Amino acid sequence: MTLLAHDRYCDEIAHQVALLRSVVTSGADLSGTVPTCPDWSLEDLVRHMGGALRWVEFIVRTRAEEEVPEERVPGLAGPGPRGDAAALDAWLAESGEQVVAALREAGPDTKVWSWAGILNSGFWARRMTHEITVHRADVTLAAGLPYEVASDVAADAIDEWLQIVEYVQRTAPHDAARELRGPGRSIHLHATDTGADLDAEWFIELTEAGVTWRRGHEKATVALRGPLTAVLLAFYRRLPLNAPELEVLGERELLEFWLERATFG
């Protein structure tokens, strides 16, 4: 497993912001509910995403050494009044420009606070890449528009989420994380539309000591197969396991068990 280059993350954040803006200006109903985030409207989710970009920009630009309260971040809440697609688009564009500029200026190794024990700006470049990649799926699918993502970004998003599960289980062992422990159970994720150079397969073991994982093809208790984007969306609970492009082989209950308990937020 190899991280993408810092500039690649910065480029991808800018790209994802542009794609998210295209949904905002597409004529989609900003007040409509997002099925994969049912407590939010489409506008709520866009404001959440733009606010997160501004929060990270502030952390990186100020070289914050501790968590920053949201009320300290200028413009985090977004424009008013609600329902103004042009104003929302302009605010989102500015949010993206600001965070990309801050991350490029800092480079990957500048020391800043983070919640995951990786205390550098590179953590935030990667985290924001995948935060917006997945939330763009929420917005895009809610608007009834097609969704695609570059294969290297999709694969890295799965890597990062597995690392987050490991971290949370190690540092915040609540009931759901403890239930993932146990011998003799494993999950195989297999992207069927990528070449060997990407190695878009994952073997996840649920052991007594905690979750471990590695890239590669190995026989498991249950396997999830399909195009990489579909596997990514299913793994993030954005696509149901019975979607026609997916195939589940083996003990489906284990995969459902994982998805219920490995979604920490």
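**Exercise 1. Place Asp-29 and describe its surroundings.**

Asp-29 lies in the loop between α1 and β1 (33-34). Helices and strands here are DSSP runs, numbered from the N terminus (helices: H or I, at least four residues; strands: E, at least two). The model is predicted: local features need pLDDT of at least 70, side-chain atom pairs count only at pLDDT 80 or more, and totals for chains, interfaces and linings use all residues. Residues are numbered from 1 along each chain as its sequence is written, and side-chain values use heavy atoms, with hydrogens and water left out.

Step 1. Look along the chain. Leu-42 is 13 residues apart from Asp-29, and their C-alpha atoms are separated by 7.4 Å.

Step 2. Look at the side chain. Asp-29 and Ser-31 are joined through their side chains by a polar contact of 2.7 Å. A polar contact is a pair of N or O atoms within 3.5 Å; within protein, one must be able to donate a hydrogen and the other to accept it, and residues adjacent in sequence count only if both atoms are side-chain atoms.

**Exercise 2. Is Gln-16 buried or exposed, and what does it touch?**

Step 1. Find the residue. Gln-16 sits in helix α1.

Step 2. Check the accessible area. Gln-16 has a relative accessible area of 1%, so it is buried (under 20%; exposed is over 50%, partly exposed in between; 1.4 Å probe, protein chains only).

Step 3. List the partners. Leaving aside neighbours within four places in sequence, Gln-16 is in contact (heavy atoms within 4.5 Å) with Ile-132, Thr-133, Arg-136 and Val-149. With Arg-136, the side chain of Gln-16 makes a polar contact of 2.4 Å.

**Exercise 3. Describe how α1 packs against α2.**

Step 1. Take the geometry. Helix α1 (residues 6-24) and helix α2 (residues 42-62) pack at about 155°, with axes 12 Å apart. Axes are lines fitted to C-alpha atoms, for helices over the stretch in contact; angles run from 0 to 180 degrees between N-to-C directions.

Step 2. Classify the angle. α1 is therefore roughly antiparallel to α2 (over 145 degrees; under 35 is roughly parallel, 65 to 115 roughly perpendicular, the rest oblique).

Step 3. Name the residues. From α1, Ile-13, Val-17, Leu-20 and Val-24 meet Val-46, Met-49 and Leu-53 of α2.

**Exercise 4. What is the arrangement of α1 and α3?**

Step 1. The axes of α1 and helix α3 (residues 85-106) come within 10 Å and cross at roughly 180°.

Step 2. The two helices, α1 and α3, are therefore roughly antiparallel to each other.
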